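Please open the model in your viewer and keep the selection tool at hand. The tour goes from stop to stop, each time saying what to select and what can be found there.

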Amino acid sequence: MKDDTRVPDYASVTKGQRETWSSGDFNEIARQNVEMAERLCNAVDPHPGQRVLDVACGSGTAALIAERRYCDVTGVDYVPELIERAETRARVNGQEIDFQVGDAQDMPFPDEDFDAVVSVYGVQFAPDQQRAARELIRVCKPGGTIGLAGPIPAGWSGDWFETHARYVPPPPGVPSPLRWGTSGGLDELLGAGTRSITSERRTTRQYYRSIDHAVDVFSTYFGPTIRALETLDAAGRARLRTDLEEVFDRYNLATDGTAIVENQYAQTIATRA
Ligand SMILES: C[S@@+](CC[C@H](N)C(=O)[O-])C[C@H]1O[C@@H](n2cnc3c(N)ncnc32)[C@H](O)[C@@H]1O
């Protein structure tokens, strides 16, 4: 009988995931996250001079937005190439942001360091979810705000992640990132260290030249899709591509041959106890 009660080897799962996110170039996908990051920043509402941390910041999308309020911003991600890209984006814009390479499950910051801690489709991917949640709480000041934008089981992103999971099953014992998009999951993860959690379902749109273009973008730049394609033979790759086209098609609002894909996600605001 299979022993499903074993604690997963989080270190090796994290290593594999870091390699996955290092492939491709998430910066090319990050344009789809700008609206979610803008809204999240408005909801968290950090004031000028406050310290803001963007966790699993990728190429820095939310960090760049928070800095426009003259906040004192730090971004952390475990992929050095994305941190370099974030630094370049900030430099080109003339923005000063402290970007650091680090793991969301073990962040290189002291306790109670930030007024606001945000993550856009980021911390949700850490395999040791309880530990990542404790880290969000630990580095946030008492009374500070934790703001998350992330996938939910419904809609495009739930569909998208489940389609990938059919081809590359998640490591045994590691809960789905979609847990952060359920009220039960949020209570389990953040309930103990916060005095309030509100989560609402929002929609955003992704724009592509066509469904084909959308699948090309993800096949070329999105680490998890690249990794899934690499594990398959030619027939499997063709099947995955068709499945991904169908996922985009299910949420496509455009009727002119382009793709305007509606995505539902959770925007969560928690107040640190
Ligand atoms: C979907 S991308 C989102 C990036 C960015 N937040 C944005 O909205 O553009 C997921 C990001 O999470 C990062 N990531 C995943 N797990 C992480 C972990 N355990 N520690 C640090 N970064 C992590 C990946 O490297 C990747 O940059």
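What follows is a walk through selected helices, their contacts and a few single residues.

Two remarks on conventions come before the tour. The model is a predicted one, in which local features need pLDDT of at least 70 and side-chain atom pairs count only at pLDDT 80 or more, whereas totals for chains, interfaces and linings use all residues. Residues are numbered from 1 along each chain as its sequence is written.

**Helix α2 and the residue after it**

Begin by selecting residues 34-44, which form helix α2; helices (H or I, at least four residues) and strands (E, at least two) are DSSP runs, numbered from the N terminus. Highlight Met36, Ala37, Leu40, Cys41 and Val44, the buried residues of this helix. Burial is a count over C-beta atoms placed from the backbone: a residue is buried if 20 or more others lie within 10 Å of its own, exposed if 12 or fewer, and partly exposed in between. If you look down the axis of α2, these buried residues fall within an arc of 130 degrees, so they line one face of the helix; the arc is that of the directions from the helix axis to the C-beta atoms. Now add α3 (61-67), β4 (114-120), β5 (140-151), β6 (194-208) and β7 (259-272) to the selection, since the buried residues of α2 pack against these elements. Contact here requires that the C-beta atoms of two residues, placed from the backbone, lie within 7 Å.

Move on to Asp45, which follows α2 and has a positive phi, near 55 degrees, in a residue other than glycine. Asp45 sits in the loop between α2 and β1 (51-55), and it is exposed, with 12 other C-beta atoms within 10 Å. Then select Tyr70, another residue that is not a glycine and yet has a positive phi, of about 60 degrees. Tyr70 belongs to the loop between α3 and β2 (72-77) and is exposed, with 12 other C-beta atoms within 10 Å.

**Helix α8 and its partners**

Which residues are buried in α8? Select residues 211-221, the span of α8, and colour Ile211, Ala214, Val215 and Phe218, which are the buried ones. They cover an arc of only 95 degrees around the axis, which puts them on the same side of α8. The elements that the buried residues of α8 pack against are β6, α9 (223-231), α10 and β7.

Keep α8 shown and bring in α10: the two helices pack at an angle of about 120 degrees, with their axes 9 Å apart. That angle makes α8 oblique to α10. Axes are lines fitted to C-alpha atoms, for helices over the stretch in contact, and angles run from 0 to 180 degrees between N-to-C directions; those under 35 degrees count as roughly parallel, over 145 as roughly antiparallel, 65 to 115 as roughly perpendicular and the rest as oblique. To see the contact, display Ile211, Ala214, Val215 and Phe218 of α8 together with Arg241, Leu244, Glu245, Phe248 and Asp249 of α10. Sorted by class, the contact of α8 with α10 has six nonpolar, no polar and three charged residues, where Ala, Val, Leu, Ile, Met, Phe, Trp, Tyr, Cys and Pro count as nonpolar, Asp, Glu, Lys and Arg as charged, and the others, Gly among them, as polar.

**From α10 to helix α6**

Stay with α10 (residues 234-250) and add α6 (residues 155-167): their axes come within 10 Å and cross at roughly 170 degrees. The two helices are therefore roughly antiparallel to each other. On the α6 side, select Trp156, Asp159, Trp160, Thr163 and Tyr167, which meet Leu240, Asp243, Leu244, Val247 and Arg250 in α10. This contact of α6 with α10 has six nonpolar, one polar and three charged residues.

**Helix α1 as the last stop**

Finally, select helix α1 (residues 10-22), which includes Lys15, and also Val13. Lys15 is exposed, with 12 other C-beta atoms within 10 Å, whereas Val13 is partly exposed, with 18. A distance label from Lys15 to Tyr78, C-alpha to C-alpha, should read 9.8 Å, for residues 63 apart in sequence. Around Val13, leaving aside its neighbours within four places in sequence, the contacts to show are Pro8, Pro127, Pro171 and Val174.
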